[in-house]
Amino acid sequence: MCGLVLTALLLATTAKAAPTPIRYVLAPVLENGALKALAVDIDFPADADGDTRLKFVSQFQAETRPGRYAEGLTVTGAEAVTPTPDGGAEIRSAPGAPLHAHYRIRPGYASAPTTQDPTQIRPIILSDWFYTLGELVFAFPAGRRDAPAAFAWTGAPEGFGFASDLEQLDPKSATVNDLLESVAIGSPRLRVISGSGPDAGVRIATLGAFDRFADAAFADMAFRTIRTERAFWGDPATPFLVTLAPLQTRLIDAYSGTGRTDAFALWVGTALPLDDLRRLLAHEYFHTWNPDQLGGMGKDRAAAWLSEGFTDFYARRLLLRAGLFSLGDYVQAWNEDLLAYGVSPARDAPEARMAENYWRDHDLEQMAYLRGALLGVLFEGQLRREGHGLDAVMRRMREIKRGKPDSALRPNFEAAFKAVAGRSPLATIERHQVRGERLALPADAFACLTLRMVTQPERVLGFDRDATAETGVFAGVDPSGPAYAAGLRDGMRLIAREGGAPNDSSVEAAFRVADASGQERLIRYRPEGKATVTFQRLSIPPGLTADQERRCVRTLSGLSAISPAPGT
Ligand SMILES: [Zn+2]
C-alpha cells in the first residue's frame, strides 16, 4: 500500500514538472490543387500575468523582419489582440488562459527563385512545392524559446511529400528553439533517400532536376561526408536531414546553404556540378562541431580564422579521407587558396582590422578563411614533424569546452595545443594572425607534395565583370586589354562561360557570346594584366608510385603521422 501511494506522488510530481508543450501545426493551403500559402496553428498558454507577446525572431541572417511573411493572424481565447509590426501581436487574456493562434505564411518569391536572387532564405511557396526555414515561419510567446514544443504536419493531400528535421524531434527534449532552427520541404514531387547501415537516420530530400548529377550521386556524397566527419569526432549516428532545393540557373552557377542543428538546408543552381557541392557540404557539416563544441566566438569575428579557416582545412582533409577528393582534387583546392591568399588586398591585414571590418569588407572576411586554413597547414606540419598532429588538438579542444562550457575558442586552441605538443602556438599566432605578417609555408608543409613559389601576371579579364554579370551583356570592355584584343566588344551577349579559373591568369578565359546580329562565337584569351603576383603553388611530384600516393593520402588525411619521402 505504501508503494502505491509513493507511485501516485511521483506521478503527480512529474506531471507538474513537465509543462504542456507549445503545439505547432503546419499545413498546406491549396486552391484548386495549387499551393497558395502555409497555415500555422499554435496552441500555448498565456503568460501568468495575462499579457502575452507573440513574436518572431528579430533578425535572421540578412532578414531584418523575419515575420513579414505572416498574414491574417487571429488569436482565440484572448480578450484583446493588438498586432505588432514584426508580424506578431500583444495578447491580453485571463492569466495562463489556453490560447490558439492561427496565421498564414505567404510566398516570399513571385516565381521560382534563380541563381541571381540576392537571398535564398525567404519562404519559397510555389504552386507545387515549398521550402521554408523555421525562423521565417514560426512565431512564439516572448521569453519561451526554451519551452517544450511539439510539431505536426497535417492536411496535405495524398501523395504530397513532406520532409523536415522536425520529424526527428525528441518529444522529451524538443523546445521552441528547435522549431525556429528547422527546415521543411514539401511537394508531390518530393524525393526522399534514406541511408542504411552506418548511414541509418540520415535522409536526403529534394525535388529539383539537376542537370549535372543524379540523386544517388548526391546522396552518396552526403552520406560519406557525414559518416567521415562523425567518425573523426567519434560521434554516434543520429538523425540528420539534408534538403536540396533547386534554383533556376540565370547566367551564373550559384549555391548557398545554412546549417541547422540536425539538418542542412541547401539552395543549388540546377546547372551546378556536384564537385562544387562537395566542399560546401564538408565545410558546413564540420560547423556542427567548430566552433560551437570547441569554444565560444566572443563578441567579434577575431577568431574566425579558427572557426572558418580550420573548418576549410578539415573539409579538405576529410574529403580526402572519405575518398571524395582525389589527390589531384586536394591539390587543386589548396592551389585556389594559395593563389587567392597571394593576390588578396587583405593579406597583410592585422587581426584588429579584420575583426572590426569583417562584415563590411569581403576581402577581410575572406582573409579569415584563407589565413586560417594556411595556419592549419602550418601547425599541422609543425606538429607532424614533432610526432603529433592537429587532429589531437581539435579533439582536446572539445574536451576542454565540455569541461568549461563558457570557455572561448582561441584560448581553448592554445591550451589544447600546449597539452598535445608541450609548447605554445602563441608566437605563430601573434606573428601571422595578430600582426598579419605574410605566411610562406615551408617546403614540406604538405608532406609528400611539392610546394614552390610562382610569379606570373595578375589576372585581368578586361571588362566590367559586375555590370556584365548583372545584365548578361558585356560592358566596360577595355580597348587596351586582352579581351578586346581577342574580339570582345561592349554589347555582346554572354551565353556561357566555357573556361577560366578564379585569380589565375595562366588559365585561358573563354566566353561563348552572341553579337548584335545574333551570331555566336567563342572568345578565348589569356587574362593577363601588366602587374605580376607571387604566390605558392602545390603539385604532385612526378613519378609518384601508386603506393607512395596511397601513403601520401594517408598522411594528408591525418591517418598516419609519418610519410616517407618519394623514392625511399
Ligand atoms: Zn563556414
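This text leads the reader through a predicted model, beginning at its zinc ion and moving outward to helices, salt bridges and a few backbone details.

The zinc ion is a convenient place to start, since several of the later elements can be located from there. Its protein donors are the NE2 atoms of H283 and H287 together with an OE atom of E308, and these lie 2.0 Å from the ion. Read along the chain, the donors follow the spacing H-x3-H-x20-E. H287 belongs to the loop between α4 (274-286) and α5 (304-321), while E308 sits in helix α5, so this pair of donors ties together parts that are 21 residues apart in sequence. Both H287 and E308 are buried.

The two helices named here also pack against each other. Two packed helices are described by the angle between their axes and the distance between those axes. For α4 and α5, the axes come within 8 Å and cross at roughly 120°, which makes α4 oblique to α5. The crossing in which α4 passes α5 is right-handed. On the α4 side, the residues that take part in the contact are R278, R279, A282, H283 and F286, and they meet E308, T311, D312, Y314, A315, L318 and L319 of α5. Two of the zinc donors, H283 and E308, are thus named again among the residues where the helices meet.

The loop between α4 and α5 holds a further detail, for P291 lies there, and the peptide bond that leads from N290 to P291 is cis, with omega near 10°.

Helix α4 also contains Y285, which counts as buried because its relative accessibility is 6%, under the 20% that marks the limit for buried residues. Leaving aside residues up to four places away in sequence, Y285 touches T225, I226, E229, R230 and F240. To give a sense of distance within the model, Y285 and S111 are 174 residues apart in sequence, and their C-alpha atoms are 30 Å apart in space.

From here the reader can turn to the charged side chains, of which the structure makes repeated use in pairs: it holds 34 salt bridges. One of them joins D235 and R398, whose side chains meet with an N to O distance of 2.9 Å. This pair links distant parts of the chain, since D235 is in the loop between α3 (215-233) and β16 (240-247), whereas R398 is in helix α9 (residues 390-403), 163 residues apart. The two partners fall into separate classes of accessibility, for D235 counts as partly exposed at 23%, while R398 counts as buried at 7%.

Another salt bridge, between R410 and E414, has an N to O distance of 2.8 Å. Here the partners are four residues apart in helix α10 (residues 409-421), so about one helical turn separates them. R410 is partly exposed, with a relative accessible area of 21%, and E414 is buried, with a relative accessible area of 16%; the limit between these two classes is 20%.

A further pair is E508 and R524, in which the closest N and O atoms are 3.1 Å apart. This salt bridge, too, links distant parts of the chain, with E508 in the loop between β20 (493-499) and β21 (509-514) and R524 in strand β22 (residues 520-525), 16 residues apart. E508 counts as partly exposed, at 35% relative accessibility. Salt bridges can also be joined into a larger arrangement, as in the network that links R317, R321, E380, R384 and D391.

Two points of the backbone remain to be looked at, both of them in loops. Q61, in the loop between β3 (51-55) and β4 (70-76), has a phi near 45°, a positive value in a residue other than glycine, and Q61 is partly exposed, with a relative accessible area of 43%. A447, which is not a glycine either, has a positive phi of about 50°; A447 lies in the loop between α11 (426-434) and β19 (450-459) and is partly exposed, with a relative accessible area of 21%.

Note on methods
Residues are numbered from 1 along each chain as its sequence is written. This is a predicted model: local features need pLDDT of at least 70, side-chain atom pairs count only at pLDDT 80 or more; totals for chains, interfaces and linings use all residues. Side-chain values use heavy atoms; hydrogens and water are left out. A salt bridge is a side-chain nitrogen of Lys or Arg within 4 Å of a carboxyl oxygen of Asp or Glu. Buried means under 20% relative accessible area, exposed over 50%, partly exposed in between (1.4 Å probe, protein chains only). Donors are N, O and S atoms within 2.8 Å of the metal (3.2 Å for Na, K and Ca); water is not among the atoms, so sites may look incomplete. Axes are lines fitted to C-alpha atoms, for helices over the stretch in contact, and angles run from 0 to 180 degrees between N-to-C directions. Angles under 35 degrees count as roughly parallel, over 145 as roughly antiparallel, 65 to 115 as roughly perpendicular and the rest as oblique. A crossing is left-handed if the near helix is turned anticlockwise from the far one by less than a right angle, and right-handed if clockwise. Contact means heavy atoms within 4.5 Å.
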